[in-house]
Amino acid sequence: MVARALFTRDDVLAILDGVMDPEVPVLSVRELGIVRDVTIGDDGSVRVTVTPTYSGCPAIRVIEQDIVSALQAAGIAEVQVATTYSPAWTSDWIPVEARAKLKAYGIAPPGRAASPDGDLVQLMRARPSAQCPYCDSRETEVRSEFGSTACKSVCWCRACGQPFEEFKAI
Amino acid sequence: MTPPSVVPAPREAPIALFEYLLRLGDDRLVLGHRLSEWCGHGPILEEDIATSNIALDLLGQATMFLRFAGEVEGKGRDEDALAYFREVVDFRNCHMVELPRGDFAFTTARQFFFDVHAVVLLDALSRSTNASLAAIAAKSLKEAKYHVRHSGEWMLKLGDGTEESHRRVQKAVDDLWRFTPELFAVDDVDAALVGEGTVPDMATLEPQWSSLVRDVIARATLTLPHDVVRAPRMRGGRTGAHTEHLGHMLAEMQIVARSHPGATW
């Protein structure tokens with residue numbers, strides 16, 4: 001008897017909806033746009049193609065292990081994770097619903113990423129200030145573009161006096 | 001018997017591409033390590049975190065370039081083998097990135113010169129006819145753009161800041177200027193790759209770099225040394241002739257991997 005593929009591509013995507021990012025645990029790896037493709041082989045093996053958010057993101061290995069563990073726990077024996085760099089990850093891939101989850105978690109969602117055609121060297125961020133996730137004020141400033149993880153900057157709200165993190169737009 | 005050829009044979013493209021990828025990867029590996037030395041020693045908490053973040057980005061970029069280099073070489077070496085088990089003469093980074101980290105002004109000025117070079121070069125490489133190289137460059141370019149925003153703003157703050165910050169960053173610029181020509185030096189490795197559009201002609205990028213650098217230097221109320229200072233041309237890194245500093249740095253960077261080869265954690 002030949003083993004049949006028991007899992008469809010949609011089944012696999014549904015399982016991946018339950019794999020959360022280790023550093024921003026309110027978003028799944030799909031909502032973050034890390035999962036780029038899923039293919040099912042004739043033998044039922046699953047190949048998941050991922051792309052890193054930042055090239056040095058230390059969480060990517062954990063994410064790959066979490067994906068393999070989740071699919072194996074669901075009963076898929078053969079799981080491969082491949083990496084692609086093109087197209088380069090952009091925060092623009094995070095959908096509207098996921099942005100609301102970020103805000104509710106206390107992280108200001110990213111603005112629109114700068115156009116790749118913009119000036120190569122910009123000394124100031126060419127975009128509106130972040131909206132405070134606590135009081136919704138736009139009277140905020142970036143204290144540092146570098147925060148607790150590569151994907152976040154540190155901001156401060158002049159209206160409510162609350163420091164907060166912003167998901168960087170790249 | 002064939003007499004030995006006095007004209008070196010032209011490099012074949014795969015070897016040239018391997019060498020070129022080592023240059024890109026090693027610049028980022030070595031500079032990333034130098035930046036990581038600030039972890040726990042930054043002048044303020046935000047800069048401690050920023051330098052560590054940028055170091056991590058550079059190590060990530062080095063990983064991509066060196067992994068690809070290992071694939072091109074085809075001898076089974078991965079990015080860790082290339083980072084931890086090559087000798088100092090096998091490293092292909094430029095001299096500027098291997099110099100000790102100095103004070104914060106020196107680190108900032110070096111980072112600024114490097115970051116402007118990175119955005120200009122990666123932008124050109126993102127249009128490479130080699131799809132893998134173009135993809136890695138496009139990914140890295142996004143990061144280089146906010147790196148140069150960070151180092152450029154600090155050039156303005158330090159240059160147009162206090163008397164002491166101005167003096168220190170001016171000295172850093174003066175000390176580093178003679179190391180910058182190596183960023184644009186070309187040899188037969190470039191020549192083998194420019195023709196097919198794999199890599200850009202560096203001569204066409206230098207004016208862009210120079211113009212961007214001079215703009216920020218002027219706004220920071222700093223001055224560049226007269227170009228004659230660039231004349232001695234500190235170079236040799238691309239062919240493995242390094243300053244005395246790189247060996248010491250590698251000894252520290254490589255000791256754990258070499259003491260416990262194959263260890264995982």
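A salt bridge here is a side-chain nitrogen of Lys or Arg within 4 Å of a carboxyl oxygen of Asp or Glu. Keep that in mind for the exercises below.

This is a predicted model, where local features need pLDDT of at least 70, side-chain atom pairs count only at pLDDT 80 or more, and totals for chains, interfaces and linings use all residues. Residues are numbered from 1 along each chain as its sequence is written, chains are lettered from A and ligands numbered from 1 in the order in which they are written, and side-chain values use heavy atoms, with hydrogens and water left out.

**Exercise 1. Work out how chain A and chain B meet.**

Step 1: start with who takes part. Contact means heavy atoms within 4.5 Å, and on that basis chain A brings 28 residues and chain B brings 33.

Step 2: look at the area. Buried area is the accessible area (1.4 Å probe) that two parts lose on being put together, summed over both. For chains A and B that comes to about 2,600 Å², with 63% from carbon and sulfur atoms. On chain A's side, A:Leu120, A:Leu123 and A:Phe146 supply 32% of the area buried against chain B, more than any other three residues.

Step 3: hunt for the salt bridge. The rule finds one across this interface: A:Glu145 pairs with B:Arg149, at 2.6 Å from N to O.

**Exercise 2. Describe how the two domains of chain A touch.**

Step 1: find the domains. With bounds from an automatic or database domain assignment, chain A splits into domain 1 (9-83) and domain 2 (96-118 + 126-167). Their C-alpha centres are 27 Å apart.

Step 2: count the residues in contact. Domain 1 of chain A gives eight and domain 2 of chain A gives 10.

Step 3: get the area. These two domains bury about 840 Å² between them, 75% of it on carbon and sulfur atoms. A:Val24, A:Val26 and A:Tyr54 account for 48% of what domain 1 of chain A buries against domain 2, more than any other three residues.

Step 4: check for charge pairs. One salt bridge turns up between the domains. A:Glu31 and A:Lys101 form a salt bridge whose closest N and O atoms are 2.6 Å apart.

**Exercise 3. Find the largest cavity and name residues around it.**

Step 1: set the rule. On a 1 Å grid over the protein atoms alone, a cavity is a set of points where a 1.4 Å probe fits but cannot get out, and lining residues have an atom within 4 Å of a point.

Step 2: read off the lining. The largest cavity has 14 lining residues, with B:Tyr20, B:Arg23, B:Leu121, B:Leu183 and B:Arg238 nearest its centre.

Conventions:
On a 1 Å grid over the protein atoms alone, a cavity is a set of points where a 1.4 Å probe fits but cannot get out, and a pocket is an open set with protein on both sides within 12 Å along at least five of seven lines; lining residues have an atom within 4 Å of a point.
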